[in-house]
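Colleague: Hey, can you walk me through a bit of this model? Just the parts you find easy to point at.

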There are 2 protein chains.
Amino acid sequence: MERAPRLQDVAAAAGVSRQTVSNVINSPGLVREDTRERVSRAIADLGYRPHAAARSLRTRRSSTIAMHLDPYAGGISGVVLDRFVHALTDLAGERGMRVLLYTGRDHDEEIARLAELLDGGEADATVITGTFHGDPRTRWLAARRTPFVAFGRPWGEDDHHSWVDVDGAAGTRKATAWALDAAGPRVAFLGWPAGSGTGDDRELGWRSALPSQAGLRLVSEESVGDARAVVADVLASGAAIDALVCASDSLAIGAHLAAVAAGRADLPIVGFDNTPAAEAIGLSSVEQLPEQVASAALDLLLDPSGSATAPDGARHVLVEPQLVLR
Amino acid sequence: MERAPRLQDVAAAAGVSRQTVSNVINSPGLVREDTRERVSRAIADLGYRPHAAARSLRTRRSSTIAMHLDPYAGGISGVVLDRFVHALTDLAGERGMRVLLYTGRDHDEEIARLAELLDGGEADATVITGTFHGDPRTRWLAARRTPFVAFGRPWGEDDHHSWVDVDGAAGTRKATAWALDAAGPRVAFLGWPAGSGTGDDRELGWRSALPSQAGLRLVSEESVGDARAVVADVLASGAAIDALVCASDSLAIGAHLAAVAAGRADLPIVGFDNTPAAEAIGLSSVEQLPEQVASAALDLLLDPSGSATAPDGARHVLVEPQLVLR
């Protein structure tokens, strides 16, 4: 095919004016039955599709969801967000929607780029990720009444918008319950410094599963090397640990390397995110199910007709993660 | 802001007709100087942007690059493609272009979905990935003269289209040269079964760096477990190996696990892809530089004015990967 057929090609094939073709598409009641049939046949024969841009102008619906994509940051757990992008694209496609990616170096630039896309009619709705307390994006989106959903809770902010998140506490609770049963009562937790919503939530799940709600809590930055050093110190100190539940796979891999080096390769360790890295070295981990998050986000964003809804009636979905044992 | 300002808002603010506003935007020579200034001021005051859909209809340029995104397949090396998507989005954004993602369960569906986007004027150009010998997509795109570039060589196919690829042979050559120098002459290669363009290319780099062009070649499926078993067998057999260059990080991690289990934790092993998993466990690896691939792809796709060019004058770029030692 040299190029897509246009309105004038249909008009020529059917022997009618361009206006008549347009009428058949947009106001078929205006057109005589035999003319309508002739034009419809030409449309089918030529494979003509009304130009999407024209359709978008008419309906002010671009069938497009904009999503901000951060620059690649490295690290093990970025794969969770990338899995979400894959799933969102796939599931949106099934509903006749597209995913348009945009970037921005900070939240102000992110808002400015999103404003261009929304004002320009290039997107109807947006999915935002990495929300935090005081997030300027959610307030801005709510004020302009743009349909949106967040992957991530507002963490203490008023949550007058729809969001989907993973129930991190449920994940570490499952991991801890398994470790108590499989290894013994002294299940320690390796987490990040207190103060991050996600990290505190994961710690909470561990603590709530302990019989006495008291246990050894270790703290590390989100890095394999730091986690390895922290766990090496603790093991060298002779602390009695039956198993270790971690806030991330990076921490779990660091802990695993320290355990192997200390001759405790058999120490049960559970990570979080179920990344390919954890799978590759055979570590158990909590699986976030980003495909379910994407599905729930689309459910919240789109009304049953498939168009993006206004952000009234905020709804929240917590996806319960799975424990993957290895 | 309640909604984006429209043409009629500008017309009302400037006290002119909608047609006059349209003329100021599209044919300013038709409009008197004082009127033009009044309308330009109203456009600036209101922050009006000509509706992108209308702009697209007029110029038949949507400033959008379509890219197929496979469903998430798991595995360690998928991160390379995701890094490419991040970089393409970021660099395209700097040039005023967007990246629109679409899916398709097979190549026929991929072509059908892409046809919709191109016919509908929703995308001007496309980047395809995972090309192979006899790829129906490249022939289809070339026949309809759609601007496109492939991430990946056509591997034996006529290459009458533009592509960017990573010079895998250069990567394994560097890895092998380093291993010969650092560890000794018996540098083995762990690769996939013969017949894949990418795999054969990486083997070639290893072989070309060996003094005698002869060395131990091990074969594994692309799986940590299989690689681990293969390398465990070879080490148990007492084969003399000074170092191991691998076709992927999955293979390298499997080899590393086998080496540790066999008491050869010090065996130098080099992976390929420089994934977070290899970094986490401290393995050296060949870094594909997907950001440079994305940059080169955009250079090939866009003419200096930033619009997508026709696929005449196919050009090819081989990005030389880096060896990351750990």
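Colleague: What kind of unit do E3(B), helix H7 and E4(B) make?
Modeller: This is a predicted model, by the way. In it, strand E3(B), helix H7 (residues 136-143) and strand E4(B) form a right-handed β-α-β unit.

Colleague: And in which sense do E3(B) and E4(B) pair?
Modeller: Parallel, over four bridges. Look at Val127(B): the residue opposite is Val149(B) in E4(B).

Colleague: How many bridges join E4(B) to E5(B)?
Modeller: Three, and those two strands run parallel. Ala150(B) in E4(B) has Trp163(B) in E5(B) as a bridge partner.

Colleague: Are the faces of E4(B) covered or open?
Modeller: Both are covered. Phe148(B) and Ala150(B) sit on one side, Val149(B) and Phe151(B) on the other, and all of them are buried.

Colleague: Why do the side chains swap sides like that?
Modeller: Because side chains in a regular strand alternate between the two faces of the sheet.

Colleague: New topic. What's odd about the phi of Asn274(B)?
Modeller: The phi is positive, about 45 degrees, although Asn274(B) is not a glycine. You'll find Asn274(B) in the loop between strand E9 and helix H12 of chain B.

Colleague: Is Asn274(B) buried or exposed?
Modeller: Buried, because Asn274(B) has 27 C-beta neighbours inside 10 Å, and the cut-off for buried is 20 or more.

Colleague: What about Leu289(B), where is that one?
Modeller: In the loop between strand E10 and helix H13 of chain B. Leu289(B) isn't a glycine either, yet has a positive phi of about 55 degrees. With 20 C-beta neighbours inside 10 Å, Leu289(B) counts as buried.

Conventions: Residues are numbered from 1 along each chain as its sequence is written. Chains are lettered from A and ligands numbered from 1 in the order in which they are written. This is a predicted model: local features need pLDDT of at least 70, side-chain atom pairs count only at pLDDT 80 or more; totals for chains, interfaces and linings use all residues. A residue is buried if 20 or more other C-beta atoms lie within 10 Å of its own, exposed if 12 or fewer, and partly exposed in between; C-beta atoms are placed from the backbone. Two strands pair if DSSP finds at least two bridges between them. A crossover is right-handed if, with the strands pointing away from the viewer, the path from the first strand over the helix to the second runs clockwise.
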